[in-house]
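Here are my notes on this model, point by point. Please read them with the structure open.

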Amino acid sequence: MAEVDLYAPIKLFLSGQGYVVKGEIDACDVVAVRGTEPPVVVELKLQLNLALILQAVDRLAISNTVYIAFRIGKGHSASWRSRTKQVTSLLRRLGIGLLTVSTKGKVVAVLDPAPYRPRANGDRKQR
């Protein structure tokens, strides 16, 4: 399995939403455009790791709609299985979306990118 094997399911997923999808545009793994909307950038890796998150943070200079995508399933991304809640919380704070790709090629949008809005914690504020 190689990183390029993730491209086809991601392209199919985005094309199904009306995007024109291209791979390897400048430093971006996947760029999708629909009409006059800003581009959607997707960074691909076989496993969730810090390098993938750092790449996505760099791509925020290009577009506000940035996703990371990685393979899930047996033998893939143990850090995702063990730390799902912490990872989604971190990505939410960074304003980065998350797509997962199953071993059968099914893509799931786990988190859409959005500006971070922390919830007020009354007890913590009071202390």
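1. The sheet. Six strands form an open sheet in the order S1-S2-S3-S4-S5-S6, and the pairing is mixed. S1 and S6 (107–111) are the edge strands, each pairing on one side only. On average, neighbouring strands of the sheet are turned by 25° against each other, direction ignored. Bear in mind throughout that this is a predicted model.

2. The two kinds of pairing. Strands of a sheet pair through backbone hydrogen bonds, either parallel or antiparallel. S1 (residues 20–25) and S2 (residues 28–33) run antiparallel and are joined by 5 bridges. To find the register, start at Gly 23: its bridge partner in S2 is Val 30. S4 and S5 (residues 97–101) run parallel, also with 5 bridges between them. There, Ile 68 stands opposite Leu 98 in S5.

3. The S1–S2 hairpin. Two spots here deserve a look at the backbone. Most residues other than glycine have a negative phi. Glu 24 has a positive phi, near 55°, and sits in strand S1. Asp 26 also has a positive phi near 55°. Asp 26 lies in the loop between S1 and S2, in a hairpin with 2 residues between the strands. Glu 24 is exposed, at 57% relative accessible area. Asp 26 is exposed too, at 76%.

4. Salt bridges. How many salt bridges does the structure hold? There are 2. One joins Arg 59 to Glu 43, with the closest N and O atoms 2.9 Å apart. This pair links distant parts of the chain: Arg 59 is in helix H2 (residues 50–59) and Glu 43 in strand S3 (residues 40–45), 16 residues apart. Both ends are buried: Arg 59 has a relative accessibility of 10%, and Glu 43 has 0%.

5. The other salt bridge. Glu 37 pairs with Arg 34, and their closest N and O atoms are 3.2 Å apart. Are these two residues buried or partly exposed? Glu 37 is partly exposed, with a relative accessible area of 36%. Arg 34 is partly exposed as well, at 28%.

6. A buried arginine with no salt bridge. Arg 71 belongs to strand S4 (residues 65–71). Arg 71 is buried, yet no salt bridge is found for it. Which side chain of opposite charge is nearest to Arg 71? That is Asp 5, at 5.6 Å. The cut-off for a salt bridge is 4 Å, so a pair at that distance does not count. What the Arg 71 side chain does reach is the backbone oxygen of Ser 102, at 2.5 Å.

7. Helix H4. Within H4 (residues 84–94), Val 87, Thr 88 and Leu 91 are buried. Viewed down the axis of H4, the buried residues fall within an arc of 95°, so they line one face of the helix. The face turned away from that buried side carries Lys 85, Gln 86 and Arg 93, which are exposed. Just after H4 comes Gly 95, with a positive phi of about 80°.

8. Where to look again. On the backbone, revisit Glu 24 and Asp 26, residues other than glycine with positive phi. Among the side chains, revisit Arg 71, buried and without a salt bridge. For contrast, set it beside Arg 59, which is buried and forms a salt bridge with Glu 43.

Technical notes. Residues numbered from 1 in each chain as written. Predicted model: local features only at pLDDT ≥ 70, side-chain atom pairs only at ≥ 80, totals over all residues. Heavy atoms only, no water. Buried < 20%, exposed > 50% of the residue type's maximum accessible area, 1.4 Å probe, protein only. Helix = DSSP H or I, 4+ residues; strand = E, 2+ residues; numbered from the N terminus. Lys, Arg positive; Asp, Glu negative; His and termini not counted. Polar contact = N/O pair within 3.5 Å; in protein donor to acceptor, adjacent residues only side chain to side chain. Arc of directions from axis to C-beta. Pairing = 2+ DSSP bridges. Axes fitted to C-alpha atoms, helices over the stretch in contact; angles between N-to-C directions.
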